[in-house]
Amino acid sequence: MQVIATAGHVDHGKSTLVRALTGMEPDRWAEERRRGLTIDLGYAWLTLPSGERLAFVDVPGHERFVPNMLAGVGPVPAVLFTVAADEGWMPQSAEHLAAIDALGISRGLLVVTRADLADPAPALRDAAGRMGRSSLGEVPAIAVSAVTGLGMQELLAALDRLVASLPPGDPAAPVRLWVDRAFSIRGSGTVVTGTLPAGAVRLRDELRLTPSMRPVVVRGIQSLKETASEVTGVARVALNLRGTDTGSVARGMALVTAGAWTLTSVVDVRLGQRRPGTGARPPRELMVHVGSARTAAHVRPLGGRIARLILGEALPLHVGDRLLLRLPGAPAGETSRGSWPALTGATVLDVAPPAIGGRGAATAAGRELSSWPDRPGAAELLRRHGLLRRHALAAMGVTGTPRPVTGDWLADPRRWAAMAERLAKVVAEHAARNPLAPGMPVEAARAALGVPDRRLVEALARNGLVIADGLLRAAPGGGASPGPAGRAGPAPALPEPLMAAVRALLDDLAREPFGAPEAGRLRELGLEPRGIAAAGRAGLLLRVSDQIVLAPGADAKAARILAGLPQPFTTAQARQALHTTRRVAIPLLEHLDRAGITQRLPDDRRLVRRPAKPAG
Ligand SMILES: Nc1nc2c(ncn2[C@@H]2O[C@H](COP(=O)(O)OP(=O)(O)O)[C@@H](O)[C@H]2O)c(=O)[nH]1
Ligand SMILES: [Mg+2]
């Protein structure tokens with residue numbers, strides 16, 4: 001199936017043509033039929049000679065109903081453009097063509113109607129020329145008369161050729177069904193209709209209703225009045241919904257696949273290029289039309305053809321979506337040079353744009369976006385955002401995402417490398433500011449980098465940093481931190497006053513290896529617990545307990561001495577052999593127990609279980 005919208009000035013025979021082709025009445029309202037005037041969208045369909053089915057969305061041609069016309073043309077891929085032979089090109093002919101052009105619709109037919117009333121050739125020539133300069137380009141043109149039947153067979157054949165040439169919808173695409181009608185049927189609840197451009201809807205599918213994103217369940221499907229269990233775009237569909245009441249559904253809302261669209265009220269766009277007066281600045285307020293939706297938008301120019309739109313209502317969008325921008329209250333048709341046209345198109349470049357600060361940032365953003373293609377991909381979006389979750393990128397409408405850096409996070413390679421560099425710097429700075437701290441808390445590093453997830457910090461740390469107990473520091477041998485190569489690998493540089501105190505302590509210990517300094521001596525040297533811990537981590541001191549500090553290797557030396565005693569030995573024997581006091585001997589023996597060098601027996605005596613590794 002395909003769907004095509006009519007277009008053209010009021011009374012140029014659109015509804016008559018649809019009626020003649022389909023045998024159905026597109027003007028649904030009594031008022032429309034009484035006045036012979038299409039006010040709202042009408043729907044009708046036929047089976048073409050080829051067997052292919054074609055649905056029409058018949059639009060109003062009167063200038064008062066332009067928003068309804070746009071809601072009909074918005075979601076369809078092709079148009080049937082009518083011009084009356086006896087009237088020729090008229091204001092709404094121009095306005096409809098401008099809308100088609102702004103939406104970028106490139107497929108269609110020109111039908112010169114009422115050919116029984118005047119020679120169709122001049123109107124045809126004129127219209128074909130104007131359409132040729134629009135997104136439609138050169139399209140097949142046919143003169144018809146609904147009264148005499150002239151050209152109707154030819155028109156059917158042309159429609160068949162057009163339908164055959166239209167791209168089929170991608171059945172795997174996410175669903176976005178713009179609601180163009182919503183009503184209730186007694187006994188079956190809410191029914192919405194719309195043009196499904198792509199994707200599939202099945203019975204019992206759960207979809208989201210924008211903008212509330214309320215879940216609704218499909219409990220009935222009809223396409224062209226036939227009941228179905230599944231429908232695939234392109235199609236006209238009517239869905240019976242559970243989970244909502246009619247009062248809460250209206251034209252302009254959309255039924256969307258959960259998680260597949262970004263519901264956004266801020267977008268960065270490239271304004272349509274087919275506008276006269278290239279120097280014209282966009283107005284501050286515009287109406288935005290997309291699908292069957294319309295909303296007011298505040299326009300912030302970002303330089304060149306790039307602008308940020310702040311939408312009055314959130315819309316489900318993808319990058320690459322085409323918007324129609326309408327100047328509210330502007331006269332139909334094209335406007336004079338230098339002023340902004342009544343209708344222009346815009347291409348959505350970013351559906352979740354970052355906040356922009358001052359003028360300089362705006363100009364930079366505009367410059368960056370100017371270089372983007374109309375359908376940005378993962379590379380462009382990641383370059384701008386740095387980091388994006390995979391599902392967020394999918395909801396922007398980008399498929400084929402690159403490999404995540406961690407979890408479901410995707411990163412721009414250059415930004416990622418810069419972040420790794422910055423993390424190393426932040427950690428080094430933290431170490432310099434807090435020489436006695438065992439490392440930088442991961443959470444603090446996350447905040448300093450301004451990244452949203454600590455897993456990212458962990459992934460970034462893989463390059464030259466280590467994390468232990470939630471603390472980040474330079475990896476030994478990682479080359480990130482210069483330092484003397486001690487027995488425990490390169491140690492972080494310690495501040496000079498601390499180093500001086502450590503040297504004095506090691507001098508004491510060289511004379512009396514197990515004569516751990518008393519609290520008074522430590523105070524005298526200015527050695528506090530944090531300093532001792534830092535020197536311990538640097539391998540400059542051996543921390544036996546919180547109070548007992550010895551030179552590195554003192555434990556191995558003690559083990560060798562104790563191995564020379566008759567086994568098992570008592571604490572007193574050990575204390576004498578080591579020439580020390582109980583204050584040092586007991587924590588030192590417990591330290592050796594923990595290291596598995598000695599074993600404490602139930603009677604408090606000990607055995608040396610294995611010779612200690614040679615010192616050094
Ligand atoms: N003589 C003649 N009148 C036509 C033809 N097509 C439409 N009309 C008349 O033109 C008027 C407007 O037609 P309608 O289909 O409502 O125009 P719409 O506003 O474009 O939908 C009606 O009075 C039609 O009967 C035609 O081919 N020949
Ligand atoms: Mg009509």
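A residue is counted as buried when its relative accessible area is under 20%. In the predicted model described here, this criterion is met in helix 8 by Ala378, Glu380, Leu381, Leu382, Arg384 and His385. Helix 8 spans residues 378–385, and because 6 of its 8 residues are buried, the helix is largely enclosed by the rest of the structure. The residue that follows helix 8 is Gly386, which has a positive phi near 75 degrees.

Burial also characterises strand 9, which covers residues 189–196. Of the 8 residues in strand 9, 7 are buried, so this strand too is largely enclosed by the rest of the structure. Strand 9 pairs with strand 8 (residues 181–185) through 5 bridges, and the two strands run antiparallel. Within this pairing, Ser184 is placed opposite Thr190 of strand 9. Strands 8 and 9 form a hairpin with 3 residues between the strands. In that hairpin Gly187 adopts a positive phi, near 95 degrees. Strand 9 is further joined to strand 15 (residues 235–242) by 7 bridges, again in an antiparallel arrangement. Here Gly194 faces Val237 of strand 15.

A second set of antiparallel pairings involves strand 20, which comprises residues 306–317. Strand 17 (residues 262–271) is connected to strand 20 by 8 bridges, the two running antiparallel. In this pairing Val269 has Ala307 of strand 20 as its bridge partner. Strand 19 (residues 293–301) is likewise antiparallel to strand 20, with 5 bridges between them. Pro301 stands opposite Ala307 of strand 20. Ala307 is thus the residue of strand 20 that is matched with Val269 and with Pro301. Strands 19 and 20 form a hairpin in which 4 residues lie between the strands. Gly303 in this hairpin has a positive phi near 100 degrees.

Aromatic contacts were examined next. The structure contains 1 aromatic pair. The pair consists of Phe81 and Trp89, whose ring centres are 5.7 Å apart and whose planes differ by 5 degrees. Planes under 30 degrees apart count as stacked, and the pair of Phe81 and Trp89 is classed accordingly. Phe81 has a relative accessible area of 0% and is therefore buried. For Trp89 the relative accessibility is 16%, so Trp89 also counts as buried.

The surroundings of ligand 1 were analysed in the same model. There are 16 residues around ligand 1, and those that come nearest are Asp11, Lys14, Thr16, Asp116 and Ala146. By residue class, the shell around ligand 1 is made up of 8 polar, 4 charged and 4 nonpolar residues. Oxygen atoms of ligand 1 take part in several polar contacts. A polar atom in the side chain of Lys14 is found 2.8 Å from an oxygen atom of the ligand. For Thr16, a side-chain N or O atom is 2.5 Å from an oxygen atom of ligand 1. The contact of Ala146 is made by the backbone, with an N or O atom 2.8 Å from an oxygen atom of ligand 1. The accessible area of ligand 1 taken alone is 580 Å², of which 77% is buried by the protein.

Key:
Residues numbered from 1 in each chain as written. Chains lettered and ligands numbered in written order. Predicted model: local features only at pLDDT ≥ 70, side-chain atom pairs only at ≥ 80, totals over all residues. Heavy atoms only, no water. Buried < 20%, exposed > 50% of the residue type's maximum accessible area, 1.4 Å probe, protein only. Pairing = 2+ DSSP bridges. Phe/Tyr/Trp six-rings, centres within 6.5 Å; stacked < 30°, edge-to-face > 60°. Near = heavy atom within 4 Å. Polar contact = N/O pair within 3.5 Å; in protein donor to acceptor, adjacent residues only side chain to side chain. Areas by Shrake-Rupley, 256 points an atom, 1.4 Å probe, with all protein chains shown as cover. Nonpolar A, V, L, I, M, F, W, Y, C, P; charged D, E, K, R; others polar.
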